[in-house]
Amino acid sequence: MIQIQSLHFGYGRKKVFNGLSLSLQPGHIYGLLGKNGTGKSTLLRIMSGLLFPTNGKTEILGFNPARRNPDFLRQVFMVPEEFYFPNVRIPAFVKSNAPFYPKFSPKQFEAYLKEFHIPQDNLLQEMSYGQKKKVLISFALACNTPVLLMDEPTNGLDIMSKSQFRKVMAGVVSADKCVLISTHQVKDLENLIDRITIIDEGEILFDQKVDDIMNRLQFKISFDSEEVKQAIYFESSLKGNAVILANSDGEEGRLDLEMLYKAIVNNKEGVQSAFK
Ligand SMILES: Nc1ncnc2c1ncn2[C@@H]1O[C@H](COP(=O)(O)OP(=O)(O)OP(=O)(O)O)[C@@H](O)[C@H]1O
């Protein structure tokens, strides 16, 4: 559904991507992680046709996003980290924007707004940042585009809204839809994403399905110093040592995305060797 090969991009002389390749399939929610400034937002902007690569192939739903073909644009929705709303009420916003998205469902939009407790009759510019973000997320989901790109969607959401977000997102993935979420708020995505892609210095550092991660790695608290010595990554705490071990016994466990991310950044080879 999304094929990127040998992507090159830079802002002027500043290189961001120097040959990045990535393939995303429908039916999944992908988590895109990486340090500040590694190019996550840039990648989403290239995918949605807002920035144009200097080299390489970017194909989404059979289209080159850079051509901004209307048939492509009506099938992709991007929720950016920073956005602008006109000073109108929600019905006026829907009236002028929904016609661009043929599968927009007013019923779904209303249900999402209700889930997020958003009043319909306020002016958009008089809403708080978090409220505006929830309007945008609700609109994005109600557009039912096969490709949904979200840049830091949970930034600015309060604790209740984050769990409402997870609930709403869990219901949107379908066999023909591909969702890519860029975030630092990894805890907000736990139990939601089924594939994790980490980029670093313009390259893919790690790209695995959550099921495969759980088959290959074990996350646990350990008091056994031998086990800690063998750990791919560990963190000491008063509650014991949080460790990541190679999952040689097929143990079932719970993914700790934050630990995994730190393990990959600190001991990439160790993590990768568990997948060989
Ligand atoms: N408009 C711009 N002009 C010039 N350089 C830019 C511009 N936007 C981003 N950059 C640079 O490109 C690189 C990638 O930026 P980008 O915003 O894609 O990173 P990111 O991974 O999304 O970061 P963050 O996690 O902080 O949101 C950074 O080094 C940044 O300084």
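This note goes through a predicted model, point by point, from its domains and sheets to a few single residues.

1. It may help to begin with the overall division of the chain. The protein chain is split into domain 1, covering 2-201, and domain 2, covering 211-273, and the centres of domain 1 and domain 2, taken over C-alpha atoms, are separated by 31 Å. Where the domains touch, six residues of domain 1 and five residues of domain 2 take part in the contact. On the side of domain 1 that touches domain 2, helix 7 (residues 186-189) provides the largest share, namely three residues, and the residues on that side of domain 1 divide into four nonpolar, no polar and two charged.

2. One sheet is open and has three strands, which follow the order 2-1-4 with antiparallel pairing. Its edge strands are strand 2 (14-24) and strand 4 (55-60), each of which pairs on one side only, and from one strand to the next the twist averages 25 degrees. Strand 1 (residues 2-11) is joined to strand 4 by five bridges, and these two strands run antiparallel. To find this pairing in the structure, one can look for His8, which stands opposite Asn55 in strand 4.

3. Another open sheet is built from six strands in the order 5-6-7-3-8-9, and here the pairing is mixed. Strand 5 (76-79) and strand 9 are the edge strands, each pairing on one side only, while the twist from one strand to the next averages 15 degrees. As background for reading both sheets, strands of a sheet pair through backbone hydrogen bonds, and they do so either parallel or antiparallel.

4. The word "mixed" can be followed strand by strand. Strand 3 and strand 7 (residues 178-182) run parallel and are joined by five bridges, with Cys178 in strand 7 as the bridge partner of His28. Strand 3 (residues 28-33) also pairs with strand 8 (residues 195-200), in the parallel sense and over four bridges, and there Arg195 in strand 8 is the bridge partner of Tyr30. Strand 8 and strand 9 (residues 203-209), by contrast, pair in the antiparallel sense over six bridges, and Ile199 stands opposite Ile204 in strand 9.

5. Is helix 1 (residues 40-47) largely enclosed or largely open? Six of its eight residues are buried, so helix 1 is largely enclosed by the rest of the structure. The buried residues in helix 1 are Lys40, Thr42, Leu43, Leu44, Ile46 and Met47. Just after helix 1 comes Gly49, which takes a positive phi of about 80 degrees.

6. Helix 1 also matters for reading the surroundings of the ligand, since it gives the most to the shell there, with three residues. Strand 2 and helix 1 each supply at least two residues of that shell. The residues around the ligand are Tyr11, Lys14, Val16, Gly34, Asn36, Gly37, Thr38, Gly39, Lys40, Ser41 and Thr42, and they divide into two nonpolar, seven polar and two charged.

7. Two residues deserve a look for their backbone angles. Most residues other than glycine have a negative phi. Glu152, however, is not a glycine and has a positive phi near 50 degrees; Glu152 lies in the loop between strand 6 (147-151) and helix 6 (159-170), and it counts as buried because it has 20 C-beta neighbours inside 10 Å. Glu201 is likewise not a glycine, yet its phi is positive, at about 45 degrees. Glu201 belongs to the hairpin of strand 8 and strand 9, which has two residues between the strands, and it is partly exposed, with 14 other C-beta atoms within 10 Å.

8. A last residue to check is Gly130, which is found in helix 5 (residues 129-142) and is partly exposed, with 16 other C-beta atoms within 10 Å. Which residues does Gly130 contact, leaving aside its neighbours within four places in sequence? Those residues are Gly156, Leu157, Asp158 and Ser161. Gly130 and Leu260 are 130 residues apart along the chain, and their C-alpha atoms are separated by 28 Å.

Conventions. Residues numbered from 1 in each chain as written. Predicted model: local features only at pLDDT ≥ 70, side-chain atom pairs only at ≥ 80, totals over all residues. Pairing = 2+ DSSP bridges. Axes fitted to C-alpha atoms, helices over the stretch in contact; angles between N-to-C directions. Buried ≥ 20, exposed ≤ 12 C-beta atoms within 10 Å, placed from the backbone. Near = placed C-beta within 6 Å. Nonpolar A, V, L, I, M, F, W, Y, C, P; charged D, E, K, R; others polar. Domains from an automatic or database assignment. Contact = placed C-beta atoms within 7 Å.
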